Amino acid sequence: MKKFKKMTGTFTFVHAADVHLDSPLGGLAKRDKAFSGLALNATRRALANVVDLAIAEGAAFVVVAGDLYDGTWKDQSTGQFAVSQFARLSRAGIRVAIAFGNHDAESRITRHLTMPEGVFGFSNRKCETVLFEDLGVALHGRSYKDVATLENIAAEYCPPVTGMFNLAVLHTALEGHPDHARYAPCSVGELVASGHDYWALGHVHDASIRSEHPHIVYPGNTQGRNVRETGVKGAMVVRVEEGVVRSVEHRACDEVRWARPEFDGRQASDMHELLSGIGGVLQEAIAGAGDRPTAVRLHVKTSGGLQNKLLADPDWFNAEVGARAMTVSESLWIERVKVESSEDAATRGLPPELIELLNGALADPDCLRAVEDAVAPLVGKMPAGTIDADLAPLLAAASARDGNSLLAAAKRAVEASLSVDA
C-alpha cells in the first residue's frame, strides 16, 4: 500500500469542479482552424494544471465536485487521460475524492476505467463517508445516478464525524442560478446548519464563497467553455490548521481565456480612428488574460454614417477587426463582433414616408407570412444540424420560422444601405 502524507489537523487540499474534460469550447475548433490547435486540448491542460497546482502546494488531497467529464466519451482516450493525471497525484502521495454530477452521471457515463490507488469515487445510491484517518478528515458525498437530479440530496447527507474535519462534496445549484439547471436544490442555511466544516460545491461555473462559517465554496470551472464564461477559471487552494480553515485562495488553471470587451467608437471620425481604438481594447484584453490564448466577442458602439457602413457590410467589418487582432497578438481570436445599432442613427436622412413603410412591414401579418413561406423551402434544403445560431443568426431564425427576426434584419439592411450621414 502506498504511504500517503500524514498531516493530522493541519493540511492543504485543492478543491476543483466542472472540469468538463474534452468539452469542445463552444465549437472553437470547428469555427477557426488556426485557433483550433490552441483550444482543442484546453480542458485537458486545465486538469493537468490542477494536478501541477496540488503537487506544488504539497496538498494532501484533491476534491473534484462533479462534472469531471463533459458527457459520454467519444473514445477511451478521455478516461485514459483522467487516469494518467490522477496517477501523477497518486505517485506524489496525494489522494483524490470525486463526486460525479449531471454531466458525468451514471446514466450518461456508462463505462469507467479503473482508477489508481488513492482515488475514491462517491456512490450514487446514497451519501457515503470516506475517512482519511491519518489526516483527521472525513469526506462525505454522493454522485448523481441520473442527469436530472432534482431532489434535495443534501438533506440526506451523512452527519459529521466527531473529532474530525468534516468536508462535504456536493454538485448543486443551491437556491438556483440563471445559467445553470436547478439540480440538487438546497439552501445555504441548510448547509450551514449541517455541522460540516467545509462544503465543496460544484455545478455553478463562477467562483464564489457563499459562506465562511462554515465555508461553502464554488471554485468555478477549471476552463471557460464559451463566451459567457469570461475571466479567470481555476481551483481553490484551501489551508487548514488544527482543524480550522485558515485560507481559501482561487488559483488560475485555465489555458484559454474568454473576454467580452466593449469599445465606444461614437466619437471616431473615420474607420482608421475606429480600428485604432479597437486595437487598444484588444491589447487590454490579451494583457488581462496573462497573454493566454484569448477568444474575444467584441461589442462596438458607433453612430452616423460610420455605423451605417458597418451595418451594411458586417462581414467586411469582421474581417477588418480580425486583421487588427492579428497585429495585436497571434494568440488573439475574434469569436464575433457585435455592432450596437441606434434606431435614430440608422434612419437618419431617410424620408419620413420610407421610414413609415419600413415600420409598417414589421406590423403587417401578410408580409410576415410571405417572408416565412419564401424562406422555408431554402432552409429545408440545408443539412440537419448545420445551423449555428451564433455563427448564422438569420439562418437559425429562418429554421425556426421566426419571421419577425428576418423582417427586422431586412429593415436594418435597407436603412443602412439607403441612409446618409447628416
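**Worked exercises: helices, rings and odd backbone spots**

Helix α7 (residues 304-312) and helix α8 (residues 314-328) pack with their axes 5 Å apart, at an angle of about 100 degrees. Helices (H or I, at least four residues) and strands (E, at least two) are DSSP runs, numbered from the N terminus. Axes are lines fitted to C-alpha atoms, for helices over the stretch in contact, and angles run from 0 to 180 degrees between N-to-C directions.

Bear in mind that this is a predicted model: local features need pLDDT of at least 70, side-chain atom pairs count only at pLDDT 80 or more, and totals for chains, interfaces and linings use all residues. Residues are numbered from 1 along each chain as its sequence is written, and side-chain values use heavy atoms, with hydrogens and water left out.

**Exercise 1.** Find how α7 is oriented relative to α8, and list the residues that meet.

*Solution.*
- Step 1: start with the angle of about 100 degrees between α7 and α8. That makes the two helices roughly perpendicular (65 to 115 degrees; under 35 is roughly parallel, over 145 roughly antiparallel, the rest oblique).
- Step 2: look for contacts (heavy atoms within 4.5 Å). From α7 come Lys309, Leu310, Leu311 and Ala312, and they meet Pro314, Trp316 and Phe317 of α8.
- Step 3: sort them by class. The contact of α7 with α8 has 6 nonpolar residues, no polar ones and 1 charged (Ala, Val, Leu, Ile, Met, Phe, Trp, Tyr, Cys and Pro count as nonpolar; Asp, Glu, Lys and Arg as charged; the others, Gly among them, as polar).

**Exercise 2.** Do the job again for helix α3 (residues 42-56) and helix α4 (residues 77-91).

*Solution.*
- Step 1: the axes of α3 and α4 come within 9 Å and cross at roughly 10 degrees. So α3 is roughly parallel to α4.
- Step 2: on the α3 side, the contact residues include Arg44, Leu47 and Asp52, and on the α4 side they include Phe81, Gln85 and Arg88.
- Step 3: by class, the contact of α3 with α4 divides into 8 nonpolar, 3 polar and 3 charged residues.

**Exercise 3.** How many aromatic pairs are there, and which residues do ring pairs link into a cluster?

*Solution.*
- Step 1: apply the rule. Rings of Phe, Tyr and Trp (its six-membered ring) pair if their centres lie within 6.5 Å; planes under 30 degrees apart count as stacked, over 60 as edge-to-face and the rest as tilted. The count comes to 11 aromatic pairs.
- Step 2: check one of them. Phe11 and Phe13 are 6.4 Å centre to centre with 40 degrees between the planes, a tilted pair. Both Phe11 and Phe13 are buried (under 20% relative accessible area; exposed is over 50%, partly exposed in between; 1.4 Å probe, protein chains only).
- Step 3: check another. The ring centres of Phe120 and Phe132 are 5.7 Å apart and the planes sit at 50 degrees, so this pair is tilted. Phe120 belongs to strand β4 (residues 119-121) and Phe132 to strand β5 (residues 128-132), so the pair ties together parts 12 residues apart in sequence.
- Step 4: compare exposure. Phe120 is partly exposed at 32% relative accessible area, while Phe132 is buried at 1%.
- Step 5: collect the cluster. Ring pairs link Phe11, Phe13, Phe61, Phe120, Phe132, Phe165 and Tyr198.
- Step 6: add a charge. The charged end of Arg95 sits over the ring of Phe132, 4.4 Å from its centre (NZ of Lys or CZ of Arg within 6 Å of the ring centre and within 35 degrees of the ring normal).

**Exercise 4.** Where do Asp22, Asp67 and Pro214 lie, and what is odd about the backbone there?

*Solution.*
- Step 1: know the background. Most residues other than glycine have a negative phi, and most peptide bonds are trans.
- Step 2: Asp22 has a positive phi of about 70 degrees. It lies in the loop between β1 (11-16) and α1 (28-31) and is partly exposed at 28%.
- Step 3: Asp67 has a positive phi near 60 degrees. Its place is the loop between β2 (61-65) and α4, and it is buried at 1% relative accessibility.
- Step 4: His213 and Pro214 are joined by a cis peptide bond, with omega about 0 degrees. Pro214 is in the loop between β9 (208-212) and β10 (215-218).

**Exercise 5.** Is Ile286 buried or exposed, and which residues does it touch?

*Solution.*
- Step 1: Ile286 is in helix α6 (residues 271-288) and is buried at 2% relative accessibility.
- Step 2: leaving out residues up to four places away in sequence, Ile286 touches Asp291, Arg292, Thr294, Val328, Ser329, Ser331 and Leu332.
- Step 3: the C-alpha atoms of Ile286 and Ser329 are separated by 7.7 Å, though the two are 43 residues apart along the chain.
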